[in-house]
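Hi,

Here is the structure I promised to pass on. Have a look at it first, and my notes come right after.

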Amino acid sequence: MLERLWRWFSRREDIRSEDVATPGTVNNMSGRAQTVVQAGTIANLTVGQDDTSLLREITEVNLSTLSGHAGLPHSHDGVRVRRAELDVLLAVADDFVITGEPGCGKSGLLAVIAEHLVANAETVVVLSVDTLGSRLGAARSDMPLSRPLNVVLKEWDGEGRATLLLDGLDAARGEPLTWLADVVRDLQGSRWRTIATMRSFDLRRSRTWGTVFSGAPVSEDVDHRDGELLKVRHFRLGNLSETELAWLTAVRPAIGALVAGAGGPLLKLIRNPFNLRLACELLDEGVEQATLVNARDQLDLLQRYWQARVDHRPDSEARKRVLDRVSRAMLDRRTLRAGMGVVPDSLLDACAALVHDGVLDELPTRMKASGDTQLVYSHHILFDFAIAALVLTAADRSNLIDVLDGDPNLVFVIRPSIDLHLADLWHADDTRATFADITRALARGDHSLAGIVAARVVVAEARDDGDVLWIAGEGNQDPTFEIVAGWVAGVMDAADDRLRTWVRANSRPWALLAARMTDRLERSFQPVVVEQVYRLLVQLDKIGTTASDGIAPVWADCVARLTSLALDEPVERERLAEEMSRFLPRAVAIAPEHVGVLRRTLDPGLMVLWHSRYLFRYVDGIEAIATADTELAADLLLEVMSFEEDRGDVTPMISGVLSMTSTRRQDFEGVKHLIGTRMPTFIAKAGPLAAVPVLIASLRQRDTRLPDGLPGYPLHVRGAQGQVDLYAPDLRFGPGHGVASTILAALAKHLETSQATNWEPLVDRLVADLTHPAAWMHLLRGAAKSPETSGRAFVPVLLSGGLLVHHQTRAAAAKLIRAVHPVLSDEDRDALEAAIVQAPRLFTHDHLDERAEYLLDQLTGCLDLAKILNPDLVARAQRLAHQLDHVDIPEPVEMELGSVPTTLRDDLGPAADDRLTADERAIVDELMSAIQSTTGDGTPEQLKALEKALRQALSVNLALNHPELAKHVVRGVDNLARQSRIDPDSDIAKLALPLLLSTIRLTEGDRRGGAS
């Protein structure tokens, strides 16, 4: 009869009514089987307490188990760490999940929360997921309620809030726990709320639980918010604070001694509560404190713990066999528990010893049919280590590939164990040969998730050249390089601040790897290898390694060599040249010997052949180019400004959220327009004289309505001769969307602010080449704002009279006269006054006398009466002062464009603008600034600022609350998506998705409704 029942229980099938045990058969059983039938349920036969009583009993047992995690090992004195976060979490009213890294104390904190709620007479049910079935059928057997759990809870007698606490949602290990998620959803809106715990890694990748706990993070403190979970109602629990650890050292002398003797690495380790527990247990085992000081990491502590509790015991082989059977049974069932039945009678003593030593725990038998005592590891991390030690390792060799080949889906269950196993392989061999072999095998076997784990180990540990150069392979045909390198680039891209800091400090090996792979490309060009080398260069740049003096030249050399490879086959390798153009300006600034490579790309034939995007990036990085070679920077701007592109070929704009097209002509106009934006930085590096040829090229447009060869007013200074044209086209309609105005503004600002003393070369060049009257007007206005420096330098230009007479420049010349006349020497003042007197002679109009008198009155009115030297002008000035009929010189009339720049209020409308709160307006301002700075190609810092601004806007649902702002947020997402290669599964993508879907739906609705 016992064997028959055992077979039924093992099959986990419903027992037919004719197979139900009777009291007589029960009496004939003994031991475990009799206990099973007397205490539990077989099929639909319920024996014992009602549902609420059963849940109370389960809660009591679970709470007793979890409370052990709240204290220290063997802390019979009741010593517990009071986490500072407790008060914050007790004040939270609704559902949330406590998340964090393994061992940070989530279960212990949940137990303390439960005890506080019970002490305040709140109805509490505590369930531990590792004791529940991952599927509904198994759960009904483990928790034999007569009705569904959600029904029992919702019909539970009582008033006021009730709380369901779920510990270890990650314990299902790869199973979705859909039934439990449905329970939590059904309870929402009732008096029941749910608090759960789950590892950060698993919560980030669980769509089910991310949806169940959707909402804003519980805390505004960045230390308690996971950047990838900003739409999940969570609280991120960290390790023990310095204050908490100091309190422990005061109440537990052994911990105090451990902390006092700990160096930096160990002190950091034992701030994790689980690691602290391991250290305490090792001390209890008699391990010398001095040996613990050298602990490298958590893996090192686990290995020492395993040696103390398993390997170095007299019955070590029996203990290993028990743990092997228990661990494999857990893997088979995809849960973190196993029945005592998997342990043969010959190993029961060893099993009892493991329970006694705290490696395993026995779960008390509950009201269920199986009645079989359940075994669990005392902590999930110990299960992870046991799998790494017993399943993934066989006879001192890695068994990882065989395990994954046999069951590829097992990676979802044992991923933390793979972390530990691969870290163990890394430290086991200083040459990294074994680790490299396993990583390559993962690539060949298409085990991507495990491969990414391997890549993270490399990124987190590499510090020497040999640690990474194996990735390049031995020959040109190693097929695993692109896979492994891709994993590495992905890990770097997703790295947190701590990992970025590590890579930044240990970047030499990665730069040398990029150089090694560039060598390989020069021997044999392979597009797949190019892609991964590019990704590696991107990540090194993004992390900030290019700021290192030792690494930057290697990085720059790779960029220049890859650009040269593109130039070897310009048609086929245009995309490579375009991608390298992101980095080439900074590369030549780092290593000026590579300026020749950039100059080769300015060949007019390439400008015709390639898309102008590479030139856009060069112009955007003009400051870096000018740092290396000012002549090259000036030639670049002049080449771009002088290039005539009249082809209307359709070109795709950089793909992002919205698909749009442009034309080659429009693309080049955009590049020319950017020259004006970057002109201030160019002038600061190269000087104003270098900007003059670019300015002249931007003014080449002429008014076709006017005949050629029209005379103008003369200009001359020293040996330079020129003229100012009588008529010229409006600056705003010239090349580059009127870029000349922006260039002039930059030059005028330089004239206003520069403290330079030698202005003669600039003035001479302007006189010889600049003929546009409006351009002179801008420059004279700028010089007038600095009379002691540039103002004095431009006075000789006025002496030729042309700028005094011309109707467009006269007002600006008058401003300059008014500014400089009081500070000129007598000699210069006399020359200027003589030029004023002679100026009317340049007139060619009718009514010369009338116009001459009017001009003289206007210019005389600009002079300082007390310092006028010319007697005729003195008399004229006195008459004007007496008659008070001085006529100001009017500014030239300029045509107004049909539109003017709009403000945010114009865009939103007054009503919508008034609805913005102060905080929302601050977010909008930051977002608009970030969008503007990344409209072309943003720097890593600008893109980081954009991502931060978008996170703020999306996390507060700015676009959904204010639909008028949706287009701006979408534009920001578009800028980020096309420049940062956003992972679709990243947190920023998840934040943006609802907005984008809403935008698409509205767009589709407009189209169906006939909107444009």
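Below is what I found, going from the whole chain down to a few spots.

First things first: this is a predicted model. The protein has 1012 residues, and 52% of them are buried. Its secondary structure comes to 54 helices and 14 strands. If you take the contacts with a separation of 6 or more, 72% of them join residues that are 24 or more positions apart. The accessible surface works out at about 45400 Å², and carbon and sulfur atoms account for 51% of that.

Now for a strand worth opening in your viewer, β3, which covers residues 162-167. How many of its residues are buried? The count is 6 of the 6, so β3 is largely enclosed by the rest of the structure. In a regular strand, side chains alternate between the two faces of the sheet. Here both faces are covered: one side has A162, L164 and L166, the other has T163, L165 and D167, and all of these are buried.

Which strands pair with β3? One of them is β2 (residues 123-128), which runs parallel to β3 with 6 bridges between the two. In that pairing, S128 sits opposite D167. Another is β4 (residues 192-199), also paired in the parallel sense, over 5 bridges. There, A162 of β3 has W192 as its bridge partner.

Next, a helix pair. Helix α42 (residues 787-798) and helix α44 (residues 810-820) have axes that come within 10 Å and cross at roughly 125°. That angle falls outside the ranges for roughly parallel, antiparallel or perpendicular, and the two helices are therefore oblique to each other. The crossing of α42 past α44 is left-handed. On the α42 side, the residues in contact are P787, G791, R792, F794, V795 and L798, and they meet A813, L816, I817, A819 and V820 of α44.

Last, a single residue: H380, which lies in helix α20 (residues 380-391). Is H380 buried or exposed? Its relative accessibility is 16%, and because the cut-off for buried is under 20%, H380 counts as buried. Leaving out residues up to four places away in sequence, H380 touches D130, G168, D170, A171, R173, R199 and L336. One of these, R199, belongs to the residue range of β4.

That's the lot from me.

Cheers

Key:
Residues are numbered from 1 along each chain as its sequence is written. This is a predicted model: local features need pLDDT of at least 70, side-chain atom pairs count only at pLDDT 80 or more; totals for chains, interfaces and linings use all residues. Side-chain values use heavy atoms; hydrogens and water are left out. Buried means under 20% relative accessible area, exposed over 50%, partly exposed in between (1.4 Å probe, protein chains only). Helices (H or I, at least four residues) and strands (E, at least two) are DSSP runs, numbered from the N terminus. Two strands pair if DSSP finds at least two bridges between them. Contact means heavy atoms within 4.5 Å. Accessible areas come from the Shrake-Rupley method with a 1.4 Å probe; for residues, only the protein chains shown count as cover. Axes are lines fitted to C-alpha atoms, for helices over the stretch in contact, and angles run from 0 to 180 degrees between N-to-C directions. Angles under 35 degrees count as roughly parallel, over 145 as roughly antiparallel, 65 to 115 as roughly perpendicular and the rest as oblique. A crossing is left-handed if the near helix is turned anticlockwise from the far one by less than a right angle, and right-handed if clockwise.
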